[in-house]
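The exercises below ask you to work with charged side chains and nonpolar cores while looking at a structure. Try each task on your own before reading the solution beneath it.

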Amino acid sequence: MGTKFSCKRISEGYAEAEVIISKDAVCYYLVEPETGLVVERNHDLEGRNIAGKILMMPSGKGSSVVQADGLFKLGRNQKSPLGMIIEHADPVLVSSALIFEVPMVHKVDPEFYKLIKDGDRIILNATEGWIEIL
Amino acid sequence: MKLTVEEKDMLEGKYGEGIAAAMKIQVAMGETFEAERMVPITRAHVALSAQDADLWFVDKLLKLGAHCKVSPTVNPSIDLKYLKKHLFEIPKAGIDIVSATNEAYKQIGATLTFDCTPYLQQNVPGFGEVIAFSESSATPYVNSVFGARSNRESSQSALCAAITGLVPEYGLLLDENRKGEILVEVTAKIETDFDYQLLGWCYPELYKGLEIPVFTGIKSRPTPAGFMNFGAQLNTSGAVSMYHMVGITPEAPTVEAAFGNNKIKHRITISDQDLAATRERLCREPGKIDFAMFGCPHLTIDQVETIAKTVGERKFAVDFWVLTSSLTRELADRMGFLDVIQRAGGHIIADTCIDVPPCWQPYYGKNAVTDSPKCAYYNEIRGIKFKIRPLEEAVEAAILGEVLK
């Protein structure tokens with residue numbers, strides 16, 4: 001068992017998966033809905049796949065129409081991320097996560113950011129407010 | 001968050017599952033943004049989009065028995081009949097989703113205005129009124145020009161607010177968050193409605209932060225179209241939900257009032273050269289065009305009049321589309337402007353957006369002219385190359401079939 005790090009719940013739920021780290025804000029409209037592949041040009045995650053992973057990113061971007069529609073289509077194809085860890089919450093991303101029931105947290109213990117590496121397996125328990133690196 | 005007994009009952013389903021579902025989303029948002037309580041709203045506007053997620057969400061709430069307590073106005077959809085008659089027949093999948101979306105919003109209790117400028121007609125808030133408005137041109141307008149209070153709601157969170165009649169109290173609903181932090185000294189000459197398109201696009205290019213900007217140096221009050229253009233571009237080029245214009249907007253009688261207890265975090269100057277550089281980057285070279293499109297946001301009656309007066313007795317060389325509200329179209333008819341524009345070969349279409357796919361499919365990949373940077377930006381994804389010019393110049397270009405300068 002690894003160490004547990006505290007965080008604050010935005011959207012409840014539980015996920016165990018590999019983490020994928022983005023330096024850039026993510027707009028789900030620019031993720032291919034059939035595959036989960038990020039297609040935005042010059043994006044930190046360009047060409048990588050977020051389906052079935054826990055996505056760690058600074059924030060979301062884009063209007064509510066495009067952000068919600070992007071996440072909805074990924075979910076319908078079962079290519080949505082299983083969870084999200086963010087630094088800056090905005091109403092658009094927050095309402096999208098709540099509506100499509102994707103677990104999401106913010107305000108994570110700063111120690112977590114020092115240890116986490118892209119590809120680590122983690123447990124995200126948004127309901128109880130903790131993350132564990134496995 | 002502290003909820004009243006009634007609010008707890010709403011959350012726990014005593015008033016039905018629909019209200020409980022909306023309340024659950026709003027309480028989670030309130031907790032995320034550290035709101036202490038819920039407060040009532042008197043108005044709402046929902047950015048209906050007739051896309052998959054939009055229909056799915058309103059349908060889900062309907063099935064749970066939700067009905068709007070505060071009837072929201074809604075964004076444009078598509079006037080299917082008009083397009084079928086004058087442009088092309090939308091593919092069946094498109095017709096189905098548009099019809100189903102319109103019906104669902106009607107059933108849930110929305111007011112079907114199909115207009116993105118509710119702040120000019122049908123849903124105009126007063127100073128200090130707490131409201132829930134989504135739509136990029138609307139949020140800056142209601143906060144800045146009227147001094148009403150709305151956060152940058154998503155279309156979904158605004159619909160939840162319409163259902164519960166409440167919003168979590170955070171962000172721009174609180175006095176201390178409505179003060180400026182960035183001082184923007186405008187030395188550029190700002191006179192026309194088009195100058196506000198450029199100024200609105202330019203500022204977020206120079207400063208990316210989300211703090212509230214305070215503009216000084218603007219000599220006279222913008223027209224409603226000027227304010228509309230300014231907010232639409234500020235919130236498309238960037239994410240500005242509120243600004244102050246010293247001596248003009250109601251919460252900024254002076255620079256001191258606009259900043260309150262805040263220190264000036266950054267100073268920015270916007271000169272004629274800055275606006276010229278934005279224009280150079282944004283507006284594209286002269287050249288032939290295949291069509292002209294106006295109405296992002298929906299045109300005001302004054303703008304429709306400008307078009308009619310500019311074209312006069314002449315004819316358009318290319319397809320010419322004006323998008324506006326059904327009320328403004330009716331008024332244009334009454335004033336004779338509709339007749340002038342139709343005689344010249346142009347259209348005024350109500351209830352429709354430049355950005356609801358697939359309604360403008362025959363134009364994908366073509367060259368065009370518009371007066372709106374937002375219209376140009378949203379159509380890049382469909383390969384439509386819009387040249388951006390002031391309204392009168394764009395109308396002249398449509399008469400010639402070419403943008404000359």
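D351(B) is buried yet takes part in no salt bridge, and the nearest side chain of opposite charge, that of R329(B), is 8.8 Å away. Keep in mind throughout that this is a predicted model.

**Exercise 1.** Describe the surroundings of D351(B), starting from its place in chain B.

Solution. Begin with the chain: D351(B) sits in the loop that runs between strand 13 (347-350) and strand 14 (367-370) of chain B. Next, set aside the neighbours within four places in sequence and list the contacts, which include P76(B), S77(B), I78(B) and D79(B), together with T113(B), F114(B) and H298(B). Finally, test for a partner: a salt bridge needs a nitrogen of Lys or Arg within 4 Å of a carboxyl oxygen, whereas R329(B) is 8.8 Å away.

**Exercise 2.** Determine which side chain of opposite charge is nearest to D90(A), and what the side chain of D90(A) has as a polar neighbour.

Solution. First locate D90(A) in the loop between strand 5 (83-86) and helix 2 (91-99) of chain A. The nearest side chain of opposite charge is R152(B), 5.4 Å away, and D90(A), although buried, has no salt bridge. Then look at the backbone, where the nitrogen of L93(A) lies 3.2 Å from a polar atom of the D90(A) side chain. Beyond four places in sequence, D90(A) touches G60(A) and, on the other chain, F33(B).

**Exercise 3.** Compare where the salt bridges E34(B)–K107(A) and D175(B)–R149(B) are placed.

Solution. Start with E34(B) and K107(A), whose closest N and O atoms are 2.6 Å apart. This pair crosses between chains, from the loop between helix 2 and strand 1 (38-40) of chain B to the loop between strand 6 (104-106) and helix 3 (110-115) of chain A. E34(B) is exposed at 54% relative accessible area, while K107(A) is partly exposed at 42%. Turn then to D175(B) and R149(B), which meet at 2.7 Å, N to O. Both lie in loops of chain B, so the pair ties together parts that are 26 residues apart in sequence. R149(B) counts as buried, because its relative accessibility is 15% and the limit for buried is under 20%.

**Exercise 4.** Identify the residues with the most contacts inside the largest nonpolar core.

Solution. The largest core has 69 residues, and those with the most contacts inside it are Y28(A), I50(A), M84(A), I108(B), L159(B) and I163(B). Its largest share, eight residues, comes from helix 2 (residues 17-32) of chain B. A second, separate core of 62 residues includes V98(B), F227(B), Y243(B) and C353(B).

Terms used. Residues numbered from 1 in each chain as written. Chains lettered and ligands numbered in written order. Predicted model: local features only at pLDDT ≥ 70, side-chain atom pairs only at ≥ 80, totals over all residues. Heavy atoms only, no water. Helix = DSSP H or I, 4+ residues; strand = E, 2+ residues; numbered from the N terminus. Buried < 20%, exposed > 50% of the residue type's maximum accessible area, 1.4 Å probe, protein only. Lys, Arg positive; Asp, Glu negative; His and termini not counted. Contact = heavy atoms within 4.5 Å. Core = buried A, V, L, I, M, F, W, Y, C linked by side-chain atoms within 4.5 Å. Polar contact = N/O pair within 3.5 Å; in protein donor to acceptor, adjacent residues only side chain to side chain.
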